[in-house]
Every structure is written in C-alpha cells, then in structure tokens.
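Trainee: Could you pick one part of this model and go through it closely with me? I'd also like to see how it fits with the rest.

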Amino acid sequence: MKVVFLAMFITSSAINLSSQPSNLPPIPKPGPLAQPRSLQQVGLPLDQTRATIPPDNPQTPEKVALGQKLFFDGRLSADGTVACATCHDPARAFTDGKPVSVGIHGQAGQRNSPTVLNALYNKTQFWDGRVTTLEEQAELPITNPIEMGQTNMDAAVASIQAIKEYRDSFQSVFGRPPNTPDVLRAIASYERTLLSFNSPFDRFIAGDGNAIDDSAKRGWKLFNTQARCNKCHALSDNQPNLTNFTDNDFHNIGVGIIRHHIVPLARQAEQLVNSGNSAAIDRAAIQSKMSVLGRFLVTKKQPDIASFKTQNLRNLLLTAPYFHDGSQETLWDTMDHYNKGDGVQNPFLDQDIQPLALSEDQINDLVALMASLTSDDYKEQAARELDRQRAIAKTNRPQRNTARAFGPKPVQPPPPSQ
Ligand code: HEC
Ligand code: HEC
C-alpha cells in the first residue's frame, strides 16, 4: 500500500503530546469502592454478566480476592512503584484523571486511561481493540516498558513467587505455584466483579419516571434523534444496548492527529503491523506517535486510520478528561466537538459525524443525560465535578463553533486511491 496519500489527512484538534512526566502518586489503597460489586443492581443484565465468565476461569471468592491484591500491588511492577490501581483508581471510577497515563519512572504514555468498571462487557479491550479478553489484556501493561516496566512475564511472576503470602494463595486458589496464566486469570476474575449500574437513568428505564429530571429526559430524546449519539453509542438503532452504550465498534470521530507525522508514521506502522507482534503493537500504541493511527495499527485497513473504540458512557463525571488522548476537559467540550462535526478535512471521518445544530439548551440537556448515568456509589463526587465543569464551561469553550454547528454538512474529501 502506498502511504503518500496520508499527507492529505488533517483534523483540527491536535493531540496533547506535551504532558510532562510527574512524580508518581502513592498507589491507591483498596477501600470500599474497590470491593466486588453486587449483582443486584438496577440495570445490570444478569445473563449477559454471567456469560462473560470464560469456562477455564470460573469465579471464586478466593480467586477474586487474590486478583484484587495483585491489582493494588506495586510489586507486580519492575521497581515496586506502579500497580494497575495507579492508573485505574477506584476513587476515580478506575481511571487516573490525567490526559494521558503516567507509568514507571514518571513516563507519560500517549493514551488516556479508560475505566475498568464494566470492562468485562467489552468485545475488545484497549482504545484500538488490540486484544479480546481481560486475561490477554492484563499482560500488556505489566510488560510495557513505560507502564509497569517488567522485561517479561517471567520477571513479574518471579517477584510474586518471592512472597510467601502469594505462594500460599496461589497454592490454595489454583493448586500450584504462581505462574503467568494464573496471575492473569486472578486479575481478570477480580475485574469481572467491577460492575457499575444503579444510576438514576437505570431507574428511569426500569419505570421510575421521576428518577431523572426533565432536562435529562429531553437529553435522552436528543440522544436518539437530532444528536445522533445512538448511531454509535448503542448496539443498533433497533436494539439499543444500555449496558455500556457502545456498538463495540471503531470510528474516526475526528479526534487528534497531526499532519506532518502521518507519512512516516504510517510507514513505520505498516512494518510493525506486518510483524504481527502484539507486544510491538502495544509499544507503538502506548509509547509512540503512531498511537494516533488507532485501529489501523491492528487491521492495516485504510478506513480504520484514527478510528477508536466507541467508549462507554457511564460514570463520565468521574472519568475526565475525555477521548483517547484526554484532549477534552469537560463534557461541554465533547458536545462542542460533536456539534460542529469536527474533522471536516478528514477523508476517513465517520459518516455519522456531521454538524448537529444543537442549541446551548440542548447541549445542557445532553450533559444532564450523561450525568444521570452516574452510579450511586459516585453520586456526591459526580455532583461536585458537574459543578466544576459547568463553571469552566461558562467561561471557556475552546471547541465551540456555532457557525459550523448550524452550517451545512461540509463536503468531505474522497478517500484517497490506493
Ligand atoms: C501506567 C498506567 C497504567 C497501568 C499501570 C495499567 N493501565 Fe490499564 N490502561 C491504561 C491505559 C492508558 C489504557 C488504554 C491504552 C490503549 O488503549 O492503548 C489502559 C487500558 C486498560 C483496559 C482496557 C479497557 C477498555 O475499555 O478497553 C483494561 C481492562 C486495563 N487497562 C486493566 C489494567 C490492568 C489489569 C492493569 C494491571 C495489570 C493495568 N491496566 C495497568 C493505563 C494503565
Ligand atoms: C460515529 C460514531 C459516534 C457518534 C455518532 C457519537 N460518538 Fe461518542 N464516541 C465515539 C467514539 C469512537 C469515541 C472514542 C473516540 C476517541 O477517543 O477517539 C467516543 C467518545 C465519546 C465520549 C468520551 C468518552 C470518554 O470516556 O472519553 C463521550 C462523552 C461521547 N462519546 C458522547 C457522545 C454523545 C453524547 C454523542 C451524541 C452527541 C456521541 N458521543 C456521538 C463514537 C461516536
């Protein structure tokens, strides 16, 4: 494939490459928000939840407890300073509140930490879907040089093996000493207990007409009509999936990519993807500017350039900043992005991204809808964050472009010929 065409590909929002490494915070402790969540939650799909458990990794309370311990244990990293919980903090709905994550030795990656809550329902993991299961996923941050920094899984297992408590736990849970597949199984089992529903929106759908206010109700209507959100944040128009509000697919919605990087990036990426090495793809996604190529890194297909996975919309007030590169600070900014149909000059922009002509009141209604998707566990925190974001949005709306939002759909450049 020729890669020269890629020089044409421009979008307006640039990715944030300027995050400076900072001192690592202490690893969060597994408090009440880190405990396995109840299956009795309004909105929780019981059958679908049970179906996520693989036959070779049944859930047991002891295995879940072991997985939880590993998730919060810095000793899984090369120098003891970074745990899964460093970037997936239960107090922040298992995210880190940074535009892009910071790992071992304070090194910043290229991507925003997604929530692990309800990740068990994902058909693929990571923003580009480069792995499928939670078990496969857990290995990659452990061995990524700038996340947890282990040279390989044997090194990680050796550090666990050295601890008597872990030797005993692995013996009683799996009947054998610590080893790579069992470490990954235990972590994934714990993640399968991180279920988050019980939101005002769930009670509304269950029949309580007073669970959300009129603004959120108008937002829900807009979501499925003029605002076109349901085109991607639902399984299909006829079969909405309210579990995670995602079609489990990948789209180019015009978020971040820089013109002059594209040609060398795609060349490098092609070589890499041809190598088919999942660790190499992981490094490209986390550590290099090729990260902006998104799903292309996995499929090598032109239309997948800068496509990313449709993100789940629950607990958004805990998971700012937004998008795969953490480029938007508030939910109002994300709405401004959609309202103007961003990424005009981009031949791979999804057909469903177009100017929406949403008024300020309608934008507020959509934000109210998203706020109503907050689980009760995070209610107070979310209310404070909503106030914070509203205050910012009153004075600072860097993405707003009303003329474009109310203008005609711009002519999209044709996809380049091969
Ligand atoms: C240095 C920060 C960091 C550490 C440490 C870390 N993660 Fe992540 N995690 C991320 C980032 C960033 C992504 C998104 C990367 C991408 O899409 O390329 C991610 C993605 C994920 C996802 C995919 C979620 C989705 O919606 O696709 C899961 C699950 C996950 N991490 C679990 C873990 C587990 C388990 C550990 C520990 C073994 C861990 N993470 C360690 C930052 C981190
Ligand atoms: C064409 C498909 C598509 C449409 C239409 C769409 N989205 Fe998205 N949405 C995505 C994808 C893909 C992402 C992740 C993109 C990225 O980070 O690069 C996303 C991300 C988001 C995020 C950020 C989530 C996070 O955790 O960072 C929010 C909020 C959001 N969408 C809300 C909406 C709303 C509200 C609408 C309707 C106004 C909408 N989306 C319409 C596909 C879509």
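Mentor: A residue is buried if 20 or more other C-beta atoms lie within 10 Å of its own, exposed if 12 or fewer and partly exposed in between, with C-beta atoms placed from the backbone. This is a predicted model: local features need pLDDT of at least 70, side-chain atom pairs count only at pLDDT 80 or more, and totals for chains, interfaces and linings use all residues. Residues are numbered from 1 along each chain as its sequence is written, chains are lettered from A and ligands numbered from 1 in the order written.

Let's zoom in on helix H6, residues 164–174 (helices are DSSP runs of H or I, at least four residues, strands are runs of E, at least two, and both are numbered from the N terminus). Its buried residues are Tyr166, Ser169, Phe170 and Val173. Look down the axis of H6 and those residues fall within an arc of 100° (taken from the directions from the axis to the C-beta atoms), so they line one face of the helix. Turn to the other side of H6 and you'll find Lys164, Asp168, Gln171 and Ser172 exposed.

What do the buried residues of H6 pack against? They pack against helix H2 (61–71), helix H5 (153–161) and helix H7 (180–191), where contact means two C-beta atoms within 7 Å. Right after H6 comes Gly175, with a positive phi near 75°.

From H7, follow the chain into the loop that leads to helix H8 (200–205), and there's Asn198. Asn198 isn't a glycine, yet its phi is positive, about 50°. Asn198 is also buried, with 20 other C-beta atoms within 10 Å.

Asn315 has a positive phi too, near 55°, and it isn't a glycine either. You'll find Asn315 in the loop between strand E2 and helix H13, where 24 C-beta neighbours inside 10 Å make it count as buried. Pro321 belongs to the loop between E2 (308–309) and H13 as well, and the peptide bond to Pro321 from Ala320 is cis, with omega near -10°. For background, most residues other than glycine have a negative phi, and most peptide bonds are trans.

H13 (residues 331–339) brings us to ligand 2, since this helix gives the largest share of the shell around it, three residues. In total 25 residues surround ligand 2, and Cys229, Cys232, Phe308, Phe323 and His324 are the closest (near means a C-beta atom within 6 Å, placed from the backbone). Ligand 1 has 27 residues around it, and Cys84, Cys87, Gly103, Phe126 and Pro141 come nearest. Helix H3 (84–87), helix H4 (134–143) and helix H11 (278–287) each give two or more residues to that shell. H4 gives the largest share of the shell around ligand 1, five residues.

Now step back to the chain. Where does Gln35 sit? Gln35 is in the segment before helix H1 (46–50); it's partly exposed, with 13 other C-beta atoms within 10 Å. Its C-alpha is 9.2 Å from that of Pro90, although the two are 55 residues apart along the chain.

Overall, the chain holds 16 helices and two strands. Its C-alpha atoms fill a box of roughly 65 × 55 × 40 Å along the principal axes. Of the 418 residues, 49% are buried. Of the contacts between residues at least 6 apart in sequence, 73% join residues at least 24 apart.
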